[in-house]
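Subject: Structure for you to look at

Hello,

I am passing on the structure we spoke about. Please have a look at it first; my notes follow below.

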Amino acid sequence: LTRILAVLVVTGLFLPGMLIYLILRPPRTIEAEYRLALEEEAILQSFQEKPACPSCSHQMALDWIVCPWCYTRLKKKCPQCGELLELGWKVCPYCTTPLQEVRRRKADKEIGGPSQTSESESPPD
């Protein structure tokens, strides 16, 4: 009798129990929610893609000259127009000033090099 009663209870409560379970359970598990959040974060980071400091790998803004965490120099200013330039650039893309030539002129002025002597040696008109 107990075996028959157990079979009847299982078969009788199976369908309503399954229906209640489907109504009450969450649409996604905690693990699925976590994976979805990670995917969304990865997509947002790929769109916002901020560069990282080459020394300490902290994320930085595009207009920073020095990393505030490790003090690594990230960019330099053009001496003519003041725009931010990458360290390896040899010419300013904004005003087309050759950067090595500007450095030479500054060094010549400080030392009293060829730019001053060529002006003083030129014959008067």
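Among contacts in the chain between residues at least 6 apart in sequence, just 2% link residues at least 24 apart. Please keep in mind that this is a predicted model. Of the 125 residues in the chain, 11% are buried. The chain exposes about 10,800 Å², and 61% of that comes from carbon and sulfur atoms.

As for the elements, there are four helices and two strands. Read from the N terminus on, their order is α-α-β-β-α-α.

Most of my notes concern helix 1, which covers residues 2-24 and so has 23 residues. From its first C-alpha to its last, helix 1 reaches 31 Å, close to the 33 Å expected at 1.5 Å a residue. There is a kink of about 40 degrees in helix 1 at Phe 14, shortly before the proline Pro 16.

How many of the 23 residues of helix 1 are buried? The number is zero, so helix 1 lies largely in the open.

There is also a nonpolar patch on the surface, formed by Phe 14, Leu 15, Met 18, Tyr 21 and Leu 22. Together these residues have about 560 Å² of accessible area. Phe 14 is thus both the site of the kink and a member of the patch. Another member, Met 18, is found in helix 1. Met 18 has 39% relative accessibility and therefore counts as partly exposed, because that class lies between the limits of 20% and 50%.

Regards

Terms used: Residues are numbered from 1 along each chain as its sequence is written. This is a predicted model: local features need pLDDT of at least 70, side-chain atom pairs count only at pLDDT 80 or more; totals for chains, interfaces and linings use all residues. Side-chain values use heavy atoms; hydrogens and water are left out. Buried means under 20% relative accessible area, exposed over 50%, partly exposed in between (1.4 Å probe, protein chains only). Contact means heavy atoms within 4.5 Å. Accessible areas come from the Shrake-Rupley method with a 1.4 Å probe; for residues, only the protein chains shown count as cover. The expected span of a helix is 1.5 Å times one less than its number of residues. The bend at a residue is the angle between axes fitted to the seven residues ending there and the seven starting there. Patches are made of residues with over 30% relative accessible area and no salt bridge: like charges are joined within 9 Å, nonpolar side chains (Val, Leu, Ile, Met, Phe, Trp, Tyr) within 5 Å. A salt bridge is a side-chain nitrogen of Lys or Arg within 4 Å of a carboxyl oxygen of Asp or Glu.
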